[in-house]
Amino acid sequence: MSESVLITGASQMLTLRGGPRRGNSLSNLGLVKDGAILVRDGKIVAVGPRAQMERRAEAKFADKFDLGGRVVLPGFVDSHTHLIHAASRAEEYELKIQGTSYEEIARKGGGILNSVKKLRAATKEALKRRAASALGEFAAHGTTTLEAKSGYGLDVASELKILDLHRELNQEQPLEIVSTFLGAHVVPPEFRGKAGGAEKYLDLLMEKLLPEVVVRDLAEYCDVFCERGAFTVGQSRKLLAKAKEHGLASRLHAEQLSRTGATQLAVEMGAASCDHLEHVNNADIRALAKSKTVATLLPGCDFHLGLKEYAPARKLIAAGAIVALATDYNPGTSPTMSMPMVLSLACDQLRMIPAEAIAAATINGAAALGRENAIGSLEAGKQADLAAYEVEDYREIPYYFGMNLCWMTMKRGEIVWIKD
Ligand code: NIG
Ligand code: FE
């Protein structure tokens with residue numbers, strides 16, 4: 001059996017070649033008509049027009065796979081998810097529709113704490129089954145790599161249970177999972193309402209949990225929900241600095257419900273990404289534009305919460321920030337695994353054009369995970385991570401909304417999902 005595969009029949013092949021994008025270059029898709037991709041051992045050997053690829057000696061002996069005129073692009077890199085949780089919060093969804101705000105629900109012990117209670121009570125097996133089924137949905141919508149955060153455990157055993165699951169799932173199923181430690185999601189119930197409770201919880205994170213996470217190599221990043229009702233900028237800085245000493249790079253939930261100054265902290269810490277950004281000001285935008293910190297926008301949250309204020313994507317792009325898009329898959333603010341739906345929201349609500357949204361969801365998502373040299377574009381030497389869509393023009397991917405037009409998803413050269 002031949003080890004190489006020649007993939008042909010891409011009416012439009014979006015290569016996204018050339019690295020992470022800022023400003024005007026965000027809409028540069030590196031589009032090749034009638035494209036072909038030569039794959040060997042899970043990696044891309046060469047990419048280009050079909051006639052050119054077919055002339056290569058290796059292509060002649062390769063297995064052939066025909067995309068039948070579909071549109072092919074790199075697999076989506078979903079750089080912000082809360083993959084492991086025990087159940088939906090559909091009951092809170094109904095309350096929100098009837099007028100109770102997300103923060104009011106949280107103050108009454110719902111919200112994140114509701115999910116914490118359910119996760120602590122859930123078995124590892126049940127959590128794994130739910131996550132595995134979600135991963136199937138991610139794959140079916142064209143995602144090949146996703147970041148996953150802990151943060152619904154908030155005690156030593158439960159946080160380790162989540163991070164262990166990230167590792168197990170990464171090893172046992174085909175999608176790539178990048179693990180983030182989000183012990184600082186909110187202050188857990190046993191530390192609430194006591195003087196200095198948040199500080200005591202942070203001490204537990206820094207002295208007990210973080211060293212354990214590091215020794216067992218369970219996470220690559222440390223994240224903090226820096227928000228009123230969660231953690232302050234000062235507390236976030238302290239934890240992220242400690243995590244950095246231990247070798248964990250930073251990411252932050254910033255300016256989602258209010259402006260806290262978390263964006264400036266993200267830039268100061270050299271964070272890989274700074275996510276949400278609904279309430280950034282002009283100085284924050286300028287700081288992001290001058291930095292390598294990726295500005296990750298999560299329009300699924302505003303859509304699901306029925307909020308009118310989306311992040312200022314156009315300003316961020318015009319200023320030159322590296323803008324990425326992600327689902328923020330979680331039970332409270334964004335219950336979706338669909339990057340195509342996020343693209344629709346990015347186009348309709350953030351006023352990004354389809355080409356910008358696709359770049360933000362692929363090569364710039366890869367940059368948000370520090371993996372721009374391995375994934376996020378179709379280029380020789382990168383992983384053969386790609387997805388083919390049943391459309392004639394790539395703009396139809398966001399144009400049709402709330403439906404799945406993904407026909408096939410490939411991770412490291414293996415088909416991980418195909419429509420029957
Ligand atoms: O990214 N904002 C903090 N974390 C999630 C929400 C978590 C939840 O409500 O369960 C977010 O929106
Ligand atoms: Fe989040």
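Donors are N, O and S atoms within 2.8 Å of the metal (3.2 Å for Na, K and Ca); water is not among the atoms, so sites may look incomplete. This is a predicted model: local features need pLDDT of at least 70, side-chain atom pairs count only at pLDDT 80 or more, and totals for chains, interfaces and linings use all residues. Residues are numbered from 1 along each chain as its sequence is written, chains are lettered from A and ligands numbered from 1 in the order in which they are written, and side-chain values use heavy atoms, without hydrogens and water.

Q: What spacing do the donors of the iron ion (ligand 2) follow along the chain?
A: Three histidines hold the ion through NE2: His80, His82 and His253. Asp328 joins them through OD, and the distances run from 2.1 to 2.6 Å. Along the chain, the spacing is H-x1-H-x170-H-x74-D.

Q: How many residues apart are histidine 82 and histidine 253?
A: Histidine 82 is in the loop between β5 (76-78) and α3 (90-97). Histidine 253 is in strand β9 (residues 249-254). Helices (H or I, at least four residues) and strands (E, at least two) are DSSP runs, numbered from the N terminus. The pair links distant parts of the chain, with a separation of 171 residues.

Q: Is histidine 253 buried or exposed?
A: Buried means under 20% relative accessible area, exposed over 50%, partly exposed in between (1.4 Å probe, protein chains only). Histidine 82 has 2%, so it is buried. Histidine 253 has 3%, so it too counts as buried.

Q: How many residues surround ligand 1?
A: A residue is near a molecule if one of its heavy atoms lies within 4 Å of it. The closest are Arg89, Tyr102, Tyr152, Asp328 and Thr333. Asp328 is also a donor to the iron ion (ligand 2). The number of residues around ligand 1 is 16.

Q: How much of the accessible area of ligand 1 does the protein cover?
A: Look at the polar contacts (pairs of N or O atoms within 3.5 Å). Oxygen atoms of ligand 1 are 2.8 Å from the side chain of arginine 89 and 3.0 Å from that of histidine 276, while a nitrogen atom is 2.9 Å from that of glutamine 256. On its own, ligand 1 has 330 Å² of accessible area (Shrake-Rupley method, 1.4 Å probe). The protein covers 100%.

Q: What is the phi of aspartate 34 near?
A: Most residues other than glycine have a negative phi. Aspartate 34 lies in strand β2 (residues 31-40) and is partly exposed at 33% relative accessibility. Its phi is positive, near 45°.

Q: Where does arginine 412 lie?
A: Arginine 412 also has a positive phi, near 45°. At 39% relative accessibility, arginine 412 counts as partly exposed. Its place is the loop between β14 (406-411) and β15 (414-418).

Q: What distance separates the C-alpha atoms of arginine 21 and alanine 367?
A: Arginine 21 is in the loop between β1 (4-14) and β2. With a relative accessible area of 2%, arginine 21 is buried. Arginine 21 and alanine 367 are 346 residues apart along the chain, yet their C-alpha atoms are separated by 9.4 Å.

Q: How far apart in space are methionine 13 and serine 150, C-alpha to C-alpha?
A: Methionine 13 is in strand β1. Its relative accessible area is 0%, so methionine 13 is buried. In sequence, methionine 13 and serine 150 are 137 residues apart; in space, the figure is 35 Å.

Technical notes: Polar contact = N/O pair within 3.5 Å; in protein donor to acceptor, adjacent residues only side chain to side chain.
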